[in-house]
Amino acid sequence: MTIELSREHLQAICNHAESAYPQECCGLLLGLVRGDSKTVVEVLPTENAWDEEAMQAFQAIEPLAKLGETKRGNYAIAPADMLKAHKVARDRQLAIVGIYHSHPDCAAIPSEFDRQVAWQEYSYIIVSVCSGKAVDVTSWRLSDERKFEREEISLVDQLEKYSKNR
């Protein structure tokens with residue numbers, strides 16, 4: 001599986017990650033799925049909605065997870081933001097193809113908690129931000145065995161590719 005996005009989309013994700021540092025950022029990726037490839041058409045930054053209520057809700061899903069109380073090591077996308085993104089995607093004949101978030105001062109590798117709450121249909125882009133600078137970007141997808149597998153990131157001329165297929 002490959003996720004295709006433009007340099008501008010990648011830059012927007014990295015800028016969001018750097019601006020949120022030292023907290024985690026998060027956002028949604030709208031696009032198209034074609035065979036083994038996902039094409040990102042739009043990056044939708046969201047607010048990191050992690051709070052005590054989110055922590056308790058996720059703790060109910062995965063009771064053994066070691067969840068922190070701060071946005072430095074956790075993120076949540078508010079249900080209202082997910083609903084709005086689904087509506088925007090539907091209106092534009094797109095889909096939510098992925099979620100991105102940052103790992104402040106940590107590697108761009110999914111955590112166990114990331115794996116526990118991941119959905120198989122999405123790509124997960126993770127940005128490692130060290131001392132306020134994005135230093136690594138990776139993408140992952142969840143296998144049928146519920147294990148993360150690295151996904152290739154392909155930088156493409158997004159707008160041209162999207163308009164050709166409309």
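Helices (H or I, at least four residues) and strands (E, at least two) are DSSP runs, numbered from the N terminus. This is a predicted model, in which local features need pLDDT of at least 70 and side-chain atom pairs count only at pLDDT 80 or more, while totals for chains, interfaces and linings use all residues. Residues are numbered from 1 along each chain as its sequence is written, and side-chain values use heavy atoms, with hydrogens and water left out.

**Exercise 1. Overall fold**

Task: State how many helices and strands the protein chain has, and give their order.

Solution.
- Count the elements. The protein chain holds five helices and seven strands.
- Read along the sequence. The pattern runs β-α-β-β-α-α-β-α-β-β-β-α.

**Exercise 2. Size and burial**

Task: Compare the radius of gyration of the protein chain with that of a compact globule, then give the box and the buried share.

Solution.
- Take the rule. The radius of gyration is taken over C-alpha atoms, and the globule rule is 2.2 Å times the number of residues to the power 0.38.
- Apply it. For 166 residues a compact globule would come near 15 Å; the protein chain has 15 Å, so the two agree.
- Add the box. Along the principal axes, the C-alpha atoms fill roughly 45 × 30 × 30 Å.
- Set the burial classes. Buried means under 20% relative accessible area, exposed over 50%, and partly exposed in between (1.4 Å probe, protein chains only).
- Read the share. Of the 166 residues, 46% count as buried.

**Exercise 3. Backbone exceptions**

Task: Locate the cis peptide bond, and place Gln93 and Arg146, two non-glycine residues with positive phi.

Solution.
- Start with the cis bond. Tyr21 and Pro22 are joined by it, with omega about 15°.
- Place Pro22. The loop between helix H1 (7-20) and strand S2 (26-34) contains Pro22.
- Take Gln93. Its phi is positive, about 60°, although Gln93 is not a glycine. Gln93 lies in the loop between H3 and strand S4 (95-104). Its relative accessibility is 57%, so Gln93 counts as exposed.
- Take Arg146. Here too phi is positive, about 60°, and the residue is not a glycine. Arg146 sits in the loop between strand S6 (133-142) and strand S7 (148-155). At 29% relative accessibility, Arg146 is partly exposed.

**Exercise 4. Salt bridges**

Task: Say how many salt bridges there are, and describe those of Glu42, Glu112 and Arg141.

Solution.
- Apply the criterion. A salt bridge is a side-chain nitrogen of Lys or Arg within 4 Å of a carboxyl oxygen of Asp or Glu.
- Count. The total is five salt bridges.
- Take Glu42 and Arg92. Their closest N and O atoms are 1.9 Å apart. The pair links distant parts of the chain: Glu42 is in strand S3 (residues 37-46), Arg92 in the loop between H3 and S4, 50 residues apart. Glu42 is partly exposed at 23%, and Arg92 is partly exposed at 32%.
- Take Glu112 and Arg115. Their side chains meet at 2.6 Å, N to O. The two are three residues apart in helix H4 (residues 112-117), so about one helical turn separates them. Glu112 has a relative accessible area of 45% and is partly exposed.
- Take Arg141 and Glu149. The closest N and O atoms are 2.9 Å apart. Arg141 is partly exposed at 27%, as is Glu149 at 32%.

**Exercise 5. The negative patch**

Task: Name the residues of the negative surface patch, and place Glu69.

Solution.
- Set the rule. Patches are made of residues with over 30% relative accessible area and no salt bridge; like charges are joined within 9 Å. Asp and Glu count as negative.
- List the members. The patch is formed by Asp51, Glu52, Glu53 and Glu69.
- Place Glu69. Glu69 is in the loop between helix H2 (52-61) and helix H3 (79-91). At 61% relative accessibility, Glu69 counts as exposed.

**Exercise 6. Sequence and space**

Task: Give the separations of Gln93 from Lys71 and of Ile125 from Gly27.

Solution.
- Take Gln93 and Lys71. They are 22 residues apart along the chain, and their C-alpha atoms are separated by 33 Å.
- Take Ile125 and Gly27. They are 98 residues apart in sequence and 9.7 Å apart in space, C-alpha to C-alpha.
- Place Ile125. Strand S5 (residues 123-130) contains Ile125. Ile125 counts as buried, at 1% relative accessibility.

Key
Patches are made of residues with over 30% relative accessible area and no salt bridge: like charges are joined within 9 Å, nonpolar side chains (Val, Leu, Ile, Met, Phe, Trp, Tyr) within 5 Å. Accessible areas come from the Shrake-Rupley method with a 1.4 Å probe; for residues, only the protein chains shown count as cover. The place of a charge is taken as NZ of Lys, CZ of Arg, CG of Asp or CD of Glu.
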